[in-house]
Structure formats: C-alpha cells, structure tokens
Number of protein chains: 2
Amino acid sequence: MADTYRELHAWLVETAVLGSTASLLGWDELTYMPPKGADGRARQMSLLSRMCHEQFTQKKVGQQLGELMGQKVDEDAAANVREWKRAYDRAVKVPASLVEEIARSGVIARQAWGEARGKSEYAIFKPHLARTIELQRQLAACLCGHQPTSADEQYDVLLDAYEPYETSANLRVIFGQLREQLVPLIARVRQSGKVAPVEILKRPYPVEKQRELSLEAAKRIGFDLQAGRLDTTLHPFCSGITPGDVRITTRYDENDFGNCFFSVMHETGHAMYEQGLPAEHWGTPLGDAASLGVHESQSRLWENLVCRSEAFWRFFYPKAQAAFSQALGNVPADQFLFAVNAIRPSLIRTESDEATYNLHVILRFGLEQRLLWGELPVDGLPEAWNKGMKEMLGVEVPDDRRGCLQDVHWSQGAFGYFPTYTLGNLNAAALFTAARRDLGDLDGQIARGEFAPLLAWLRERIHRHGKRYPARELVRRAAGQELSIAPLLAHLKARIDRFW
Amino acid sequence: MADTYRELHAWLVETAVLGSTASLLGWDELTYMPPKGADGRARQMSLLSRMCHEQFTQKKVGQQLGELMGQKVDEDAAANVREWKRAYDRAVKVPASLVEEIARSGVIARQAWGEARGKSEYAIFKPHLARTIELQRQLAACLCGHQPTSADEQYDVLLDAYEPYETSANLRVIFGQLREQLVPLIARVRQSGKVAPVEILKRPYPVEKQRELSLEAAKRIGFDLQAGRLDTTLHPFCSGITPGDVRITTRYDENDFGNCFFSVMHETGHAMYEQGLPAEHWGTPLGDAASLGVHESQSRLWENLVCRSEAFWRFFYPKAQAAFSQALGNVPADQFLFAVNAIRPSLIRTESDEATYNLHVILRFGLEQRLLWGELPVDGLPEAWNKGMKEMLGVEVPDDRRGCLQDVHWSQGAFGYFPTYTLGNLNAAALFTAARRDLGDLDGQIARGEFAPLLAWLRERIHRHGKRYPARELVRRAAGQELSIAPLLAHLKARIDRFW
C-alpha cells in the first residue's frame with residue numbers, strides 16, 4: 001500500500017508542478033506579455049493543459065486510487081486519496097473533445113461578451129450564451145452519467161467544480177434566509193435618507209501613493225512580499241504559483257481611493273491563504289485551498305471585517321492622511337470611516353458594498369440555474385435580470401452593460417461560481433466572530449496594528465488544513481457552528497447601527 | 001518518408017513548445033519572481049527540462065531519425081533532420097537525472113551568485129561553483145562517452161552546446177592571433193597619453209530618461225515592441241520565448257549613460273535576430289538561431305558597428321542632447337563620440353570597450369578550461385582572475401564583485417559560452433563590412449536614421465536561414481570570406497586612427 005501511495009503521490013505532485021507552470025504563464029499573459037505573444041501563449045497553454053489532463057487521467061492513476069480506496073492508510077494519505085478520487089472520477093467522465101470545445105467556444109464567447117458589453121448590445125452575446133449553456137448542459141450530463149432529472153442535479157455537478165460537497169438545495173435555503181433579512185435591512189438604510197459621504201473617496205489620489213499605501217497595508221496585515229508581488233492588471237486577481245510565490249494584482253483610478261485599496265486588501269486575503277497552505281503538501285489536496293467559498297472567506301474577512309472596521313482605521317487613517325494630505329487633510333476620521341462603509345443599492349456587483357453584494361449574487365444564482373434548466377430562455381435574460389434588480393435592490397437597470405452583461409463568468413462557462421462569493425461572506429463573518437471570541441481584545445489588537453494574532457488564528461484553523469476536510473466541516477470546526485446567516489447579519493446590523 | 005517526417009516534426013515541435021515555457025520561467029526568475037519563489041521555480045525548471053529531455057530522447061525519435069537520415073527529403077527537412085540528429089545524439093548520452101540535477105542546482109547556484117555578488121563575498125558562491133563544475137565534468141564525460149583524455153576533448157563537448165561545429169583548438173589559434181594584435185594596439189592607445197573624455201558619460205542621467213531614449217533607439221533600429229519588452233535585471237539579457245514574444249532586459253546607473261544605452265542596443269540586436277527567425281519554422285532547427293557566435297554577431301553589430309559610429313550619432317545625438325540637456329547641453333558631438341568610443345582597460349566585461357572586451361573573453365576562456373580540467377581549483381579562482389586581468393589589461397581588481405563574481409554564466413553551468421562573444425565580434429565586423437559593400441552608402445543611411453536596409457540585409461543573409469547552415473558556413477556565405485581576425489582588426493584600427 002505504502003509503495004502504491006508513494007508512486008501515485010510522486011506522479012500527481014509532478015502533474016501539479018507542471019500545472020503550476022501554467023499558472024505562471026497565465027499570470028504573465030495578464031501582466032507583461034506583449035500583444036503579439038498571444039498566439040504562442042495559446043499554444044503553450046493548450047499543450048500544458050492537455051499534458052496535465054493526460055497525466056492525471058492515466059489508467060494507472062485510476063487503478064492505484066482504486067487499490068488505495070478503503071485500505072488502511074494514514075490520515076494525510078486518506079485525505080489526499082479521497083480528494084484525488086473525486087477529481088479523477090470527474091475528469092474521466094468528460095470526453096477530451098468536449099473539454100476542448102468548451103475551451104474553444106469559451107474564447108469566442110468571451111470576445112463576443114466583450115464586444116456586447118462595450119456596445120451594451122445583448123443581441124451580440126445571446127447566441128454565444130446559448131451555445132455556452134448548451135455545452136454546460138452536455139458537461140453536466142457527462143458528469144451525472146445520464147440526462148439530469150432535475151435542475152438541482154444538473155446544477156450540483158457544475159457547482160462541485162468550485163464548491164465541492166455543496167448542493168443547490170442547501171444554498172437555496174440559506175440564500176433565501178439571507179435575502180429575507182437583507183432586503184428590509186437595506187431598505188431601512190435607504191429610507192433613513194442618510195447618505196454616506198462617498199465623494200470623499202472620489203478626490204484626487206495620486207496613483208504612486210495608492211500603490212505605496214496599499215502595499216504598506218498589505219505587508220502590515222501579513223502578506224509576505226519576499227514570497228509575493230503586486231502588479232497592475234485590468235481586473236484584480238491573486239495567483240498562487242508555488243508555495244513561495246503568490247502574486248496579486250490591482251488597478252488604479254486616480255479619482256477613487258477604494259477601488260485600489262480594498263481590492264489590494266481583498267487579494268491580500270487570498271494571498272495570505274495561499275501563503276499559509278502547508279508547503280510540504282504542495283501539489284496534493286492537503287496543500288490546496290479547501291474551496292472557492294473558503295478562499296473568498298479569507299479575502300472578504302480582511303477586506304471587509306478587518307479593513308473597513310473602525311479599529312483598523314484608528315490605526316491606519318493617520319497613514320492615509322499623511323499619504324493623501326490634499327484629499328484627506330481636512331476630513332475627520334469618522335467621516336472617512338462612514339464613506340468606506342457606505343451601504344447603498346447600486347448596479348455593478350464588483351463595486352457594491354458588503355450588504356448589497358449578496359443580493360447581486362443571489363440574483364445570479366437563481367438566474368443561472370433557470371438558464372441551465374431551460375426554464376428561462378436566453379431571450380428572457382435581460383428582462384428577468386432587470387426585474388430581479390428592481391425587486392431585490394430597488395434599482396432600475398438603464399442598460400444591459402450595467403445589467404446582465406456586466407460579468408465575464410457566464411461567457412467563460414463558469415456556471416456555479418457566483419454562489420461561492422456569498423458563501424465567502426458568510427464564512428468570513430462566522431470566522432471573524434469566532435476569532436474575536438478566541439482572541440479576546442481583537443479590536444484593540446487591530447487598532448494597535450497587531451494583525452499577527454488574527455493571522456495566526458486563521459493559519460491554525462483554516463490555512464494549514466488545505467483540503468483535509470470538506471469546506472463546511474472545516475469552517476464548522478474553526479467557527480464552532482454550522483453555516484448560518486447569523487454572524488454576517490449581526491455584523492451588518494452592527495455596522496448599520498453604527499452609522500445609520 | 002513524408003509520414004515519418006510529419007510525425008517526428010509534430011512531436012519535436014511539441015517538445016520545443018514545452019521548452020519555450022521554460023524560457024518564460026527563466027525570464028521571470030530574473031525579472032519578477034519573489035526571492036522565496038526560488039525553490040518552487042527550481043522544481044518547475046527541473047521538471048520541464050526532464051520532460052523535454054525525455055520527449056526528445058524517446059527511442060522512437062532515434063528510430064525515426066535513423067530512418068530519415070540518408071533518405072531523399074526536401075532541403076528544409078534535410079536541414080532539420082541533420083540538426084535534430086546532432087542534438088539527439090548529444091541528448092541520449094546524458095542521463096535524465098543529470099539533466100535534472102544540473103537544472104535544479106543551477107537555480108540555487110544562481111541565487112547564491114546574486115547574493116555573493118551583492119556582498120562581494122566569493123565564499124558564498126564558492127561551494128556552488130564547485131558543485132557546478134563537478135556537474136559539468138560529469139556532463140562532459142557523458143558526452144565524450146568516456147573520461148575525457150585532454151582538456152580540449154572535455155571542453156569541446158561543452159562548447160558544442162553553444163557553438164556547434166566549433167573546437168577549442170581552432171579557437172585557441174584565432175584567439176591567439178587576436179590577442180597578439182590587440183595587446184600592442186591597446187598599448188599604443190594607452191601610451192599615446194590621449195584619453196577619451198569619458199567623464200561626459202558619468203554625469204547625472206535620470207533613469208527614466210535613459211529608459212525612454214534607449215527604447216526610442218531600439219524601436220528606431222527595428223525592435224518590434226508589440227512582440228517584445230524591456231525590463232530591468234541585474235545582468236542584461238535577451239530571451240526569445242515565442243516568435244511573437246522576445247524580451248530584453250537592461251540595468252540602470254543614474255551616473256552612467258553607456259551602461260544602459262549600449263546594453264539595450266546590444267540586446268536589441270539579439271532580439272531582432274529572434275524576431276527575424278522564420279516563425280513558420282518555430283520549434284525546429286530552421287526556426288532557431290544558428291549559434292551563439294552568430295547571435296552575438298547581431299548584438300555586436302548593432303551595439304558597436306552601428307550605434308557607436310559617427311553616422312549613428314549624427315542622427316541620434318540631437319535626441320540624446322534633448323533628453324539630457326543638463327549633462328550634454330554643452331558637449332560638442334565630436335567629444336561625445338570620442339567618449340562612447342573610448343578604449344581603455346577596465347574591470348567589467350559588460351562595460352568594456354569593443355577592443356579590450358576580447359581580452360576579457362580570452363581570459364575567461366583560459367580560466368574555464370583550467371577550472372574544468374582541475375588545473376585551477378575553485379579556491380584559486382580569485383587570484384588567477386586578478387593575475388590575468390593584470391597581465392592582459394594591466395588593471396588591479398579591487399574586489400571579487402568587480403572580479404570573478406561579475407558574470408552570471410558559470411553559476412548557470414554555462415562553460416564554453418564565453419568564446420562565443422568574441423566569435424560574435426569577429427562575425428559582426430565581417431558582416432558589417434559585407435553589408436557596406438552590398439548596400440552602398442550605408443553610413444549615409446544610418447546618418448539619416450534609415451536602418452531598414454541594413455536590417456533587411458541581415459534578415460536575408462542571416463536571420464531567415466535559422467540553422468540551415470553551420471555557423472561558419474552561414475557567415476561565410478553572407479560575408480563572402482572565411483572567419484578571420486582581419487575585418488575586426490581593420491575596424492578597430494580605423495576607429496583608433498579616427499580618435500588617436
């Protein structure tokens with residue numbers, strides 16, 4: 001057994017190392033690759049993904065996993081075998097031709113989406129969306145092993161790629177509860193007539209200073225820049241390439257403080273998770289993030305729970321004022337704090353606040369399930385989108401660019417991805433609540449610029465476990481309670497009470 | 001036959017595409033990789049080189065090459081088969097474990113070299129150099145098929161990786177002739193008592209302007225920046241990753257005009273060769289540079305023959321003056337021209353002039369042969385280096401940073417590489433002489449900023465052929481004469497006569 005495991009382990013780690021080279025190529029493509037490099041890069045990327053897929057789905061891998069399943073192996077090996085088996089069973093169900101077709105038509109659909117979004121013309125994107133949905137249905141059928149008999153069955157196999165062990169039935173329950181609570185809460189804010197002074201954040205903020213201040217904050221909260229970088233891209237992201245090489249990106253808007261600062265804090269949360277994964281398990285499930293919902297909990301926790309808090313700005317506001325004396329010199333801390341905690345319904349998910357954000361997600365979750373199951377035809381998407389925005393957030397969508405064309409995900413075939421954002425928010429609040437309980441004076445620590453205790457707590461409770469436990473179990477063990485909306489709601493209510 | 005060739009071709013192109021991913025990783029390692037990424041990068045690099053080596057040395061490749069050798073195939077295929085066979089015969093002699101170990105320990109040694117150079121502490125680098133040499137000896141023994149019986153036999157098999165078809169016996173002859181002529185020529189300059197006004201180049205040159213001006217010149221002479229980049233590294237280099245992605249690097253010294261400018265012109269020469277290789281042959285010998293000595297002829301031709309010429313500065317000096325009005329505003333063109341053509345012994349190879357440069361190379365050629373053969377122990381390197389610099393160039397080496405730690409090559413296991421620099425100088429002079437003959441008023445073209453005719457000539461005579469001909473034959477066809485020291489000497493004598 002030990003020999004079989006050793007052999008399998010070496011082979012799959014090697015496959016993961018090969019895959020990690022593709023991560024660097026992907027990062028480079030979005031940061032420094034010259035335009036004419038695209039064709040060569042496409043050849044490199046398709047070769048690497050084919051080679052990784054071939055290595056991972058070799059017959060021998062299946063045989064060895066079969067041998068090891070149900071055998072007595074140590075706890076680490078058992079967790080790896082369990083997760084490898086899950087991934088292997090998924091991978092072998094999908095014919096290479098479908099994988100290729102999804103990749104190929106994804107490139108075309110993404111281009112069409114870009115054009116449609118630019119022109120705000122849904123008609124340009126519609127046939128590509130229809131094709132993407134058709135391919136996702138085929139994918140779901142392969143993964144089910146038969147034609148799915150319900151919308152949930154169909155959705156769950158796609159969701160599994162992003163949030164293993166999660167189900168849409170469970171999500172529907174918890175998202176329903178959340179929606180029920182959030183809608184009146186947000187309405188209350190709106191009806192108060194009190195508006196956060198967000199213009200403070202729209203003053204001139206020199207780009208170089210934004211970069212310096214964000215990096216300073218990132219370092220301070222615990223991003224190890226000897227094992228990471230910050231670069232500039234159109235859309236911020238985090239890429240964990242190897243255990244000692246985790247890179248984040250951001251974008252700069254000279255007239256917007258928050259766009260850069262909070263996206264750097266967000267990506268730093270992701271990056272610190274990657275840096276906290278056990279390096280000795282690199283290339284195995286034990287060295288890999290538990291799920292996207294857990295990954296997002298780390299980014300959201302630092303972005304929202306820590307870096308929008310009163311305690312954080314007690315520590316950091318003097319630094320921000322010193323960096324931006326022109327914009328912030330005369331702004332009292334309390335006004336600034338109110339501005340960065342603004343809650344107000346808006347059109348764009350990526351620019352929305354921590355309360356309304358979840359309604360954007362819940363809308364997409366419902367729509368994508370109905371689109372896939374054919375309950376909602378692609379023709380009806382804009383209307384359904386706009387209706388949902390009106391019902392949930394009370395806003396009128398003026399055009400599809402700011403409506404159903406705003407996100408890239410569906411064009412890339414990423415159905416089942418959106419829910420992980422709200423799972424991240426729920427997990428973040430639960431973890432932060434538990435950390436506060438365990439660490440005592442957490443606010444005092446944060447206000448003194450001491451972030452090490454919180455990071456150590458996350459390392460111990462979340463990071464070091466990799467995929468040892470399914471995401472819900474991992475968070476339950478750390479937070480001491482089952483997934484629920486209570487911690488997030490309590491947090492939001494407290495913030496609203498503070499300012500409204 | 002056609003089928004065999006097609007199959008082999010597809011397989012080896014795929015291998016080359018895989019290899020090109022390693023080029024990007026190598027570039028990243030020297031530009032943007034965070035320090036703690038070194039271990040993971042070492043694993044990625046060793047895996048990629050092992051995989052490439054395994055793919056390239058598969059039994060089937062040997063069988064197919066055997067089938068194709070001596071068969072009637074078209075001229076393109078014949079050239080590819082000839083070069084593949086050479087490379088295959090080399091590759092199968094080296095066990096994969098050694099290839100992997102050389103790659104792995106190369107990454108570590110390079111990092112140690114960087115640290116050692118920074119601190120000017122040879123002791124930090126010494127154990128890594130010893131290990132590197134030991135691995136190169138093992139490599140040479142594999143390539144010889146037995147323990148080498150002479151220093152030349154040992155050296156030639158390593159040299160072949162950089163300069164195919166060349167031998168150290170031949171190099172010793174031509175380098176001997178060159179040294180014999182150069183030493184009195186340089187002495188004549190020295191004894192004249194006339195000193196180039198190099199302090200002109202050591203004034204304050206703002207870094208950002210240096211970058212802009214170098215880029216402008218690079219673009220102007222023909223570097224396509226839609227298919228390339230310029231970044232900053234400790235040691236300037238050019239990396240051709242894919243046909244549409246060729247990257248160069250430089251370094252900046254605020255108080256040195258030449259360091260950046262001429263290194264960018266140098267690397268641009270390399271880059272334009274890479275950009276001129278036939279993209280349709282990407283991944284085959286026909287799409288690959290003929291040799292490093294030919295590669296270096298391109299960089300040297302642009303750096304020295306073009307960009308230090310009177311004609312070039314007639315065109316470009318007003319731009320330089322405009323960019324650096326403080327440093328150059330009052331400097332007459334003739335003084336500036338004298339300064340950039342200064343000949344005087346100095347410590348750093350990459351900063352040395354086009355005459356003394358070759359003595360730096362001849363020193364390294366001798367030392368590396370002795371290091372490999374064990375005639376010179378690593379303990380004795382600093383002393384031997386310093387002694388050689390004193391004998392050949394008459395200079396005292398004040399510390400190892402400016403002595404034996406200045407170059408990255410040995411840390412990467414690149415033994416047999418240095419001679420290609422002087423081969424490049426010899427080839428460059430021969431090609432430029434021929435281009436002048438063919439193009440008529442070449443100086444007039446350059447003085448008008450018209451570089452396209454010269455670049456087109458090089459594309460036609462050198463670039464488009466890839467490895468179609470062995471290096472010496474390629475240059476002979478283009479230059480119309482056998483390799484000799486005459487064109488370079490004539491060029492150097494003319495420059496010396498102009499200024500001294």
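The bend at a residue is the angle between two fitted axes, one for the seven residues ending there and one for the seven starting there. Keep that in mind for the kinks on this tour, which goes through a predicted model.

**Stop 1: helix H12 of chain A**

Select residues 310-323 of chain A, which form helix H12. Where in this helix is the kink? Go to Phe316(A): a kink of about 50° lies there, shortly before the proline Pro318(A). Now check the length of the helix. At 1.5 Å a residue, the 14 residues should span 20 Å, and the end C-alpha atoms are 19 Å apart, which agrees.

Next, colour the buried residues of H12(A): Phe312(A), Trp313(A), Phe316(A) and Ala320(A). Phe316(A), the site of the kink, is therefore a residue with 20 or more other C-beta atoms within 10 Å of its own, since it counts as buried. To see what covers the buried residues of H12(A), show helices H9 (207-221), H11 (292-306), H13 (325-328), H14 (333-340) and H18 (442-447) of chain A, which are included in the cover.

**Stop 2: helix H11 of chain A**

Stay with one of those covering helices, H11(A). Which residue is at the centre of its kink? Select Arg300(A), where H11(A) has a kink of about 35°. The expected span of the 15 residues of H11(A), at 1.5 Å a residue, is 21 Å; the end C-alpha atoms lie 20 Å apart, in agreement. How many residues of H11(A) are buried? The count is 15 of 15, and the helix is mostly covered.

**Stop 3: the two domains of chain A**

Colour residues 2-159 of chain A as domain 1 and residues 164-500 as domain 2, following the domain assignment. The C-alpha centres of the two domains are 26 Å apart. Between them, 44 residues of domain 1 are in contact with 37 residues of domain 2.

On the domain 1 side, the elements giving two or more residues to this contact are H1 (2-31), H4 (75-93), H5 (96-119), H6 (122-144) and H7 (151-159) of chain A. Which of them gives the largest share? Select H1(A), which supplies twelve residues. Colouring the domain 1 side by residue type shows 23 nonpolar, twelve polar and nine charged residues.

**Stop 4: chain A against chain B**

Show both chains. Here 31 residues of chain A are in contact with 30 residues of chain B. On the chain A side, the elements that give two or more residues are H1, H2 (38-56), strand E1 (228-232) and strand E2 (238-242). H1(A) gives the most, with eight residues. H1(A) also gave the largest share of the domain 1 side that touches domain 2. The chain A side divides into 14 nonpolar, nine polar and eight charged residues.

Now superpose the chains. A turn of 172° with a shift of 0.5 Å along the axis lays chain A on chain B with an RMSD of 1.5 Å. The same surface serves both copies, as 97% of the contact residues of chain A recur in chain B.

**Stop 5: two residues with positive phi in chain B**

Most residues other than glycine have a negative phi, and most peptide bonds are trans. Select Ser120(B), which is not a glycine but has a positive phi of about 55°. Ser120(B) sits in the loop between helices H5 (96-119) and H6 (122-144) of chain B. Because 14 other C-beta atoms lie within 10 Å, Ser120(B) is partly exposed.

Then go to Tyr165(B), another residue other than glycine with a positive phi, near 75°. Look for Tyr165(B) in the loop between helices H7 (151-159) and H8 (168-191) of chain B. Tyr165(B) counts as partly exposed because it has 15 C-beta neighbours inside 10 Å.

**Stop 6: Leu371 and Gly480 of chain A**

Select Leu371(A) in helix H15 (residues 357-373) of chain A. Is Leu371(A) buried or exposed? Leu371(A) counts as buried because it has 23 C-beta neighbours inside 10 Å, and a residue is buried at 20 or more. Leaving out residues up to four places away in sequence, Leu371(A) touches Ile133(A), Leu376(A), Val378(A) and Leu381(A).

Finish at Gly480(A), in the loop between helices H20 (471-479) and H21 (486-499) of chain A. Gly480(A) has 13 other C-beta atoms within 10 Å, so it is partly exposed. Draw a line from Gly480(A) to Thr356(A): the two are 124 residues apart in sequence and 27 Å apart in space, C-alpha to C-alpha.

Conventions
Residues numbered from 1 in each chain as written. Chains lettered and ligands numbered in written order. Predicted model: local features only at pLDDT ≥ 70, side-chain atom pairs only at ≥ 80, totals over all residues. Helix = DSSP H or I, 4+ residues; strand = E, 2+ residues; numbered from the N terminus. Expected span 1.5 Å × (residues − 1). Buried ≥ 20, exposed ≤ 12 C-beta atoms within 10 Å, placed from the backbone. Contact = placed C-beta atoms within 7 Å. Domains from an automatic or database assignment. Nonpolar A, V, L, I, M, F, W, Y, C, P; charged D, E, K, R; others polar. Least-squares fit on C-alpha atoms with pLDDT ≥ 70 in both.
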